[in-house]
Amino acid sequence: MLALEVDNLRKTYSNGVEALKGASLGVEEGDFFALLGPNGAGKSTMIGIISSLVNATGGDVRVFGASVRKQRSLAMSYLGLVPQELNFNQFEKPLEIVVNQAGFYGIPKRIAAERGEHYLKKLQLWDKHDKPSRMLSGGMKRRLMIARAMVNQPRLLILDEPTAGVDIEIRRSMWELVEEINAAGTTVILTTHYLEEAEQLCRNIAIINHGQIVENTSMRELLGKL
Ligand code: ADP
Ligand code: ADP
């Protein structure tokens with residue numbers, strides 16, 4: 001089964017920029033997949049459309065078979081997103097942030113509280129669960145973003161440039177964490193503009209440039225060509 005199908009996706013912004021020009025790719029269930037491309041290639045636009053924050057101009061996306069255009073809430077129920085920027089309210093506490101996200105998915109309060117505790121413990125944030133999140137370190141804030149994305153137990157976790165501006169120690173511990181999530185059965189996609197990062201982690205890769213997929217292959221094959 002495909003975790004993600006991107007089919008002839010097009011996006012033209014209202015300023016005329018063609019961010020996606022008919023991009024297609026497929027990601028198998030269980031994969032650890034990289035979407036690699038330089039700044040401005042269209043990665044965030046594609047992630048925006050997959051997570052239904054941005055409307056496509058043409059084409060469609062299916063998450064475990066559910067169309068983001070026609071079956072939006074089903075598609076979203078399969079998805080966890082870790083966006084590039086820290087976008088939680090820094091005055092809220094980690095447990096609040098994770099539990100509120102669960103509410104967004106219609107998860108009952110009691111279960112939300114249990115899962116919040118589970119993921120905050122797993123991400124070593126439990127001793128801070130009741131402190132304003134602005135008091136967390138940079139690495140803790142990143143982990144909080146992952147905890148929040150995991151609360152609906154997504155079948156597909158997407159991380160948009162997760163280590164941008166993150167120092168090497170934190171980067172390593174984040175990778176271990178995401179590898180663990182993948183090993184437990186969650187399909188993982190990350191975007192990056194570093195081949196090195198993709199190379200260390202991912203089994204399959206798509207390369208995007210100027211809004212088009214220029215390569216979609218296994219990491220091993222790609223490295224063989226370089
Ligand atoms: P849409 O075509 O999806 O309605 P818009 O073109 O209206 O999107 O832009 C949405 C928002 O993104 C606006 O607030 C706009 O100022 C901002 N924006 C414009 N250009 C860029 C850019 N190059 N990168 C990021 N954001 C941009
Ligand atoms: P990447 O994530 O690979 O850096 P983006 O998807 O952010 O690429 O951007 C692709 C192109 O679309 C760029 O030329 C960017 O300036 C433009 N763009 C992104 N968001 C907007 C927006 N909201 N409005 C107008 N142009 C945008």
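These questions and answers cover two ligand sites and one cavity in a predicted model.

Q: What makes the Gly-40 backbone and ligand 2 a polar contact?
A: A backbone N or O atom of Gly-40 lies 2.7 Å from an oxygen atom of ligand 2. The cut-off for such a pair is 3.5 Å. The pair falls within the cut-off, so it is a polar contact.

Q: Which distances put Ala-41 and Ser-44 in polar contact with ligand 2?
A: For Ala-41, a polar backbone atom is 3.1 Å from an oxygen atom of ligand 2. For Ser-44, the distance from a polar backbone atom to a ligand 2 oxygen is 2.8 Å. Both values are within 3.5 Å, so both pairs qualify. The protein covers 62% of the 560 Å² of accessible area that ligand 2 has on its own.

Q: Why do Tyr-13, Pro-38 and Lys-43 count as residues around ligand 2?
A: The test is a heavy atom within 4 Å of the ligand. Tyr-13, Pro-38 and Lys-43 are among the residues listed around ligand 2, so they pass it. By class, the shell has 5 nonpolar, 6 polar and 1 charged residues. Lys-43 belongs to this shell, and Lys counts as charged, so Lys-43 is the charged residue. Helix H1 (residues 43–50) gives the largest share of the shell, 3 residues.

Q: How do you know that the side chains of Lys-11 and Ser-14 make polar contacts with ligand 1?
A: A side-chain N or O atom of Lys-11 is 3.0 Å from an oxygen atom of ligand 1. For the side chain of Ser-14, the distance is 2.6 Å. The limit is 3.5 Å, so both are polar contacts. The protein covers 25% of the 560 Å² of accessible area that ligand 1 has on its own.

Q: Which residue makes up the nonpolar part of the shell around ligand 1, and why?
A: The shell consists of Lys-11, Tyr-13, Ser-14 and Asn-15. Its classes are 1 nonpolar, 2 polar and 1 charged. Tyr counts as nonpolar, so Tyr-13 fills that place.

Q: Why is the largest cavity counted?
A: The count takes cavities of 30 Å³ or more, and comes to 1. The largest cavity holds about 50 Å³ of space, so it passes.

Q: What makes the lining of the largest cavity nonpolar?
A: Leu-4, Val-6, Leu-25, Phe-33, Leu-35, Met-46, Ile-47, Ile-50 and Ile-189 line it. Leu, Val, Phe, Met and Ile count as nonpolar, so the lining has 9 nonpolar, no polar and no charged residues. H1 gives the most, with 3 residues.

Conventions:
Residues numbered from 1 in each chain as written. Chains lettered and ligands numbered in written order. Predicted model: local features only at pLDDT ≥ 70, side-chain atom pairs only at ≥ 80, totals over all residues. Heavy atoms only, no water. Polar contact = N/O pair within 3.5 Å; in protein donor to acceptor, adjacent residues only side chain to side chain. Areas by Shrake-Rupley, 256 points an atom, 1.4 Å probe, with all protein chains shown as cover. Helix = DSSP H or I, 4+ residues; strand = E, 2+ residues; numbered from the N terminus. 1 Å grid on protein atoms, 1.4 Å probe; cavity = no way out; pocket = protein on both sides within 12 Å on 5 of 7 lines; lining within 4 Å. Points joined across faces, edges and corners; volume = space filled by probe spheres on them.
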